[in-house]
Amino acid sequence: MDVPVLVVGGGPTGLATALFLARHGVRCLLVEQHTTTSAVPRATHVSRRSMELFREAGLEEEIRRAGLEVVPEDDPRARDRPGSFLPRVVLGATSLAGLHHAEVLETGEEELAVPGPCAPFWCGQDRMEPLLAEAAARNGADVRFGHELTGLLTGPDGARARIRATATGRTYTVDARYVVAADGARGGIAERVGILREGHGTLAHRVSVLFRAAPDAWDRTRRFFMCMIRNPGFDGAVMELNTPGHWCAAVDHDPALAEPDGTYAERTCRALVLAAIGDDHADAEIRTVFHWRARHRIAARYSTGPVFLVGDAAHLHPPSGGYGSNVGFQDAHNLAWKLAAVTGSWAGPGLLATYDQERRPVGSATAQQSMLLDGVPPQALGGATLCDPRTLIMGYRYRSTAVLGAPPGPVFPAAFALTAEPGTRLPHLWLRTATGTEVSTLDLCHGRLTLFSAHPAWARAADRLADATGLPVRGLHVSPGGDLRDPSATFPAVCGTGPGGAALVRPDGMVAWRTTDEDPPGPERAHALLAPVVGRVLSLPVPDLAHIAYTTTRRTGSDG
């Protein structure tokens, strides 16, 4: 086989990578050694930013049907429709039977208050993976479970992989221009290609017990995102799962409770569950027990030659905060449009270097925040302090050659703000098309560079640049009475462009460049500014691009 991109690993991040690539029209093959998607409901929180990415990929409604929409604690829908909504609250209690005395430890209302086109969801890995696999295949990806990577050779022009079909033992060769290693924490591709992964190692050994309990075992009018329980028989967390009546209890591993082989017997797990419930006679059934380690490990670089690391293969950290799979989804989304641009010949190969420049600082900083939340002392992390969770979810900042004019500062700014500064996510605003359809600003960026402006001169300059060069660049004139209507008349202020400026947004919804001119530019000035900016963002030869745009404008006699 010969494919532009080979994705190795069919967990959430690998499947998301295949989906995003397929949505960009990139032919890809995904191989996963396991024969099916995961049956374990881990990685349950799908953040608001991740939902924005899946909204773009056409999965928002499917996730809505499969999961629980996360809402504020006082939202009556969480009480009246428990099968569809879950309150974003973390409680502290002595047991589930004692929820009426529980205290609120965290509300998470900050994330819910950030303007965006869609809500976060509670949807376990066991439900997300089939959705991602089906959507990737539906959009054209070749998804193969039960196919294992057995060999990999890389060179300057791509990679050659040996794949074995586990059911038949048949082996075949795949030539790929690029390889995405989504092979997780235990995967060996990073080591095969010489990428070191270092960190604090194992931080804790934990046990998770999945159990079923009768709905009347405790007061269900007090629902929660997570409940931290402490009593003589249980010290850990309990979470609701998507299947009604099914729960997960997680505790630190206690060697005194373990069998000789280090595992917990079913009787031990049952005792833990009954202690968490607070009723020795509760109707509870142990469904699954798995032992796992909270570890920290970060790749020294996210790519080498034709190989790119995503998800746990690139950054491994405790699940505290629920950031793990969400950061992996961001990796996949960032990398997919860049691979699409380079394989589609509308960007230079230098664009791929920005994947490491942008995502590795985010992955490293997120891992540090997760360790703080997991109880690692700040002094062990260089005196690090917790930052606003909204910043981790969608307020991170990119600095790379594909971002022009990003202000200096850390990847997680001290104060959360989304104001269309270069390197940040475009602010969400509801706009209306000429036909009256309501769209988010974030709905308008897929597959191309998009230039937003309150003045039509910029939109015309972008469209003419696209005509002259064949590049996927589109100009959008946003105003109360324009083709793209801004009912609130707030776009120039919210996005900081002013009446004569513009914001260039990448296909991943991140602002690549912004000008804040008060006065609108003339046609020659708009072209003179925009052409080299687009060239630099896409790692294309800037002088040639600027010349093409300028001479085309002169030839057509356009006056803007």
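Biologist: Does alanine 420 count as buried or exposed, and at what relative accessibility?

Modeller: This is a predicted model, and alanine 420 is found in the loop between helix H11 (389-395) and strand S21 (430-432). Buried means under 20% relative accessible area. Alanine 420 therefore counts as buried, at a relative accessibility of 0%.

Biologist: What is phi of alanine 420?

Modeller: Most residues other than glycine have a negative phi. Alanine 420 is a residue other than glycine with a positive value, near 65°.

Biologist: Alanine 43 also has a positive phi; does alanine 43 count as buried or partly exposed?

Modeller: Alanine 43 lies in the loop between strand S2 (28-32) and strand S3 (45-46), and its phi is about 50° although it is not a glycine. Partly exposed covers the range between the 20% and 50% limits. With 37% relative accessibility, alanine 43 counts as partly exposed.

Biologist: Which residue just after H9 takes a positive phi?

Modeller: H9 has 20 residues and reaches 29 Å from its first C-alpha to its last, close to the 28 Å expected. Just after H9, a positive phi of about 65° is taken by serine 345.

Biologist: How many of the residues of H9 are buried?

Modeller: The count for H9 is taken over 20 residues. The helix is mostly covered, and the number of its residues that are buried is 18.

Biologist: Lysine 338 meets glutamate 358 in a salt bridge; which helices hold the two residues?

Modeller: The side chains of lysine 338 and glutamate 358 come to 2.7 Å, N to O. The pair ties together parts that are 20 residues apart in sequence, because lysine 338 and glutamate 358 lie in different elements, H9 (residues 324-343) and H10 (residues 353-373). Both residues are buried. The helices are H9 and H10.

Biologist: How does aspartate 75 count, buried or exposed, given its salt bridge with arginine 77?

Modeller: The closest N and O atoms of aspartate 75 and arginine 77 are 2.9 Å apart. Arginine 77 has 32% relative accessibility and counts as partly exposed. Aspartate 75 has 13%, so it counts as buried.

Biologist: Are aspartate 80 and arginine 79 buried or exposed?

Modeller: These two side chains meet in a salt bridge at 3.2 Å, N to O. Aspartate 80 and arginine 79 are both exposed.

Biologist: How many salt bridges are there by this rule, and which residues are linked in a network?

Modeller: The count comes to 31 salt bridges. The network of salt bridges links Arg212, Asp283, Glu285 and Arg287.

Biologist: Why is the pair of phenylalanine 224 and tryptophan 247 stacked, tilted or edge-to-face?

Modeller: The count of aromatic pairs comes to 11. The rings of phenylalanine 224 and tryptophan 247 have their centres 6.1 Å apart and their planes at 40°, so the pair is tilted. Phenylalanine 224 is in the loop between strand S13 (197-213) and strand S14 (226-231), and tryptophan 247 is in strand S16 (residues 246-252), 23 residues apart. Both residues are buried, and the class of the pair is tilted.

Biologist: What is the angle between the planes of phenylalanine 308 and tyrosine 355?

Modeller: Phenylalanine 308 and tyrosine 355 form an aromatic pair with 6.1 Å centre to centre, and the pair is edge-to-face at 70°. Phenylalanine 308 is in strand S19 (residues 307-309) and tyrosine 355 in helix H10, 47 residues apart. Phenylalanine 308 is buried with a relative accessible area of 2%, and tyrosine 355 is buried at 0%. The angle between the planes is 70°.

Biologist: Which residues do ring pairs link into a cluster with Phe308 and Tyr355?

Modeller: Phenylalanine 308 and tyrosine 355 form an aromatic pair. Ring pairs link this pair into a cluster with Tyr178 and Tyr302.

Biologist: Which arginine lies over the face of phenylalanine 225?

Modeller: Arginine 359 lies over the face of tyrosine 396, at 5.7 Å from the ring centre. Over the face of phenylalanine 225, at 4.3 Å from the ring centre, lies arginine 88.

Biologist: Which helix gives the most to the lining of the largest cavity?

Modeller: The structure holds six cavities of 30 Å³ or more, and about 100 Å³ of space lies in the largest cavity. Its lining has 13 residues, with Arg49, Glu52, Leu53, Glu56 and Leu442 nearest its centre. The most, five residues, comes from helix H2 (residues 48-56).

Key
Residues numbered from 1 in each chain as written. Predicted model: local features only at pLDDT ≥ 70, side-chain atom pairs only at ≥ 80, totals over all residues. Heavy atoms only, no water. Salt bridge = Lys/Arg side-chain N within 4 Å of Asp/Glu carboxyl O. Buried < 20%, exposed > 50% of the residue type's maximum accessible area, 1.4 Å probe, protein only. Helix = DSSP H or I, 4+ residues; strand = E, 2+ residues; numbered from the N terminus. Expected span 1.5 Å × (residues − 1). Phe/Tyr/Trp six-rings, centres within 6.5 Å; stacked < 30°, edge-to-face > 60°. Lys NZ or Arg CZ within 6 Å of the ring centre and 35° of its normal. 1 Å grid on protein atoms, 1.4 Å probe; cavity = no way out; pocket = protein on both sides within 12 Å on 5 of 7 lines; lining within 4 Å. Points joined across faces, edges and corners; volume = space filled by probe spheres on them.
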